[in-house]
Amino acid sequence: MRIDVKNVTKKFKNNVVINDASLHFESGKIYGLLGRNGSGKSIFCKMIAGLYVPTSGEILYDGVDLNKENRYPTNLRALIEKPSFFPDLTGFQNLKLLAEIQNKIGDKEIDEALSIVNLDEKQKKFSKYSLGMKQKLGIAQVIMEDPDIMILDEPFNGIERVTVEKLIKYFKKKSEEGKLIIISTHITDDLKDLTDEIFEFDNGEIHEISKKQKKSSK
Amino acid sequence: MAKFMKYPKSKKNLRNNFIKDYLDRKVFYILTFAVFALTCLQAFTYKPIKNFWYILYDAFGNNLTNTLFFCLLIANIIYFNREMKMDYYLINRMGTYKEKVRQNLEIILLMNTIIFIAFVIMNIGMSIFVTPVNFKIITSDYNIILPLQIIFDIGRFYIYVILISSLVSLILNVENKKISRIFIVIFIIFTMYSPNLSNRIDNLNILTYIYPYTTYLSHIVFPSFTNEVIASVVNIILYLIIDVIVYKKIIEKKVDI
């Protein structure tokens, strides 16, 4: 799986949020997007997820421009900003409802995803969840179907250290299995040891600031 | 095949949960109360005939009530688009922009159907409340029994609810928000506009077919019941054509969610 971002610009009225960005992402790597709040990371993540359409340029998924075909990448799962789940359903029921849309997984996989994010109170209604629990449920909906591409915008906000460490291990394992993972954050420490490449967002420009040699390529 | 058969169930579950969520929201109670106020408004105006069927027939033909009712439906759609529209994690699983537009549309139509059912029930209840003893069946201006005329009126009313809700909902998907806002304002003015008609139309002509839908609902008397049915069907087909054109145009180009 490969995503090519070619000369992508995103404007809202006259405000240029992303300016002529060109970069690519490929399977088996974890990418970090770094930048202060409001630097355009979330907008960029939404464009990669197919939710925002670039003002100009193109995003190719294995060479295909899904925006031109009015499609969304269905093998991609994202956590961007806080997801609004159904308040009267439990965490488990919310995930089950989502899982039924593509009907690829059953209750076992949902339970596993909840266990990975350490969300034990799965029978509690979403409306009773704390911020951290909501965030964990958001991550669980990303990982439960074992997608090819995972996009996580500020995933570790409000989550205790022990779960963060567990998730870091999980993402590394998934990367080794060939998944493409993009993690966006404004905290440099979150990306240490986790990512293979880091891109920095600054005033609409995107620069590569770090690249790690993969063990397998040595 | 098995996968194909399971898909509708998931869509049904999703819709049901959206509707359940909507029914738990304050906005639903506010709208229901507003509909109740509208039915009270028309029920307590002067009625020359104190008969249940006549009062019910009159209830669905009140121009002011109908116009305000459609404004409430439009407000409901705007609310859905601002506060309840599908989140990105649902859309990513949908696969196509067309599917996303269709799912949104189905939920909005269900929401407005619920409001319409409340409107019908409240009108019936209010008509019983105003005339609890006189249920004698009388005839309409076309000399057909009023219950039959009322069934036709309610059916036509519901078709307009569906067509107008679809149109407004689709227009809200237009990429240029300024254009969609301008259209909604023009559409509300169109809904409120009432051509200066006497209560009777002597001949069907091209203008008759393009009267605003609220005019059709306000009990204009045509030369015959058949003429009313024909004119209504033509008018409905015009709205249907507009809906289909707008739908095709909307799904042609994916826009930001």
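In chain B, 75% of the contacts between residues at least 6 apart in sequence join residues at least 24 apart. That figure, like everything below, comes from a predicted model. The secondary structure of chain B is quickly told: there are 11 helices and 0 strands, so that reading along the sequence simply gives α-α-α-α-α-α-α-α-α-α-α. The globule rule puts a chain of 257 residues at a radius of gyration of 18 Å, and chain B comes out close to this at 20 Å, so it is as compact as a globular protein of that length. A box of roughly 55 × 40 × 40 Å along the principal axes holds its C-alpha atoms. As for burial, 32% of the 257 residues of chain B count as buried.

Two spots in chain B show how burial plays out locally. Take B:N123 to begin with, a residue of helix α6 of chain B, which runs over residues 97-130. B:N123 has 24 other C-beta atoms within 10 Å; since 20 or more are needed to call a residue buried, B:N123 counts as buried. Setting aside neighbours within four places in sequence, the contacts of B:N123 are with B:T39, B:L56, B:A59 and B:F60. B:D202, on the other hand, sits 79 residues from B:N123 along the chain, and the C-alpha atoms of the two are separated by 30 Å.

Then there is helix α8 of chain B, made up of residues 177-192. With 16 residues at 1.5 Å a residue, this helix should span 22 Å, and the 23 Å between its end C-alpha atoms agrees with that. As for its surroundings, α8(B) is hardly covered, with a count of 1 buried residue among its 16.

Chain A mixes its secondary structure, with 6 helices and 9 strands. A compact globule of 218 residues would have a radius of gyration near 17 Å, and the 17 Å found for chain A agrees. Along the principal axes, the C-alpha atoms of chain A fill a box of roughly 45 × 40 × 30 Å. Buried residues make up 42% of the 218 in chain A. Of the contacts in chain A with a separation of 6 or more, 69% are between residues 24 or more positions apart.

Strand β5 of chain A deserves a closer look. In a regular strand, side chains alternate between the two faces of the sheet. Both faces of β5(A) are covered: A:L76 and A:A78 are buried on one side, and A:R77 and A:L79 are buried on the other. The strand β5(A) runs parallel to strand β6 of chain A (residues 149-153), and 4 bridges join the two. Within this pairing, A:L76 has A:I149 of β6(A) as its bridge partner.

That leaves the meeting of the two chains, to which chain A brings 26 residues and chain B brings 26 residues. On the side of chain A that touches chain B, β5 (76-79) and α2 (91-102) each supply at least two residues. It is α2(A) that gives the most to this side, with 5 residues. By character, the residues on the side of chain A that touches chain B divide into 15 nonpolar, 7 polar and 4 charged. Strand β5(A) thus turns up twice in this account, once as a strand covered on both faces and once as a supplier of residues to the side of chain A that touches chain B.

Definitions and conventions: Residues are numbered from 1 along each chain as its sequence is written. Chains are lettered from A and ligands numbered from 1 in the order in which they are written. This is a predicted model: local features need pLDDT of at least 70, side-chain atom pairs count only at pLDDT 80 or more; totals for chains, interfaces and linings use all residues. A residue is buried if 20 or more other C-beta atoms lie within 10 Å of its own, exposed if 12 or fewer, and partly exposed in between; C-beta atoms are placed from the backbone. Two residues are in contact if their C-beta atoms, placed from the backbone, lie within 7 Å. Ala, Val, Leu, Ile, Met, Phe, Trp, Tyr, Cys and Pro count as nonpolar, Asp, Glu, Lys and Arg as charged, and the others, Gly among them, as polar. The expected span of a helix is 1.5 Å times one less than its number of residues. The radius of gyration is taken over C-alpha atoms; the globule rule is 2.2 Å times the number of residues to the power 0.38. Two strands pair if DSSP finds at least two bridges between them.
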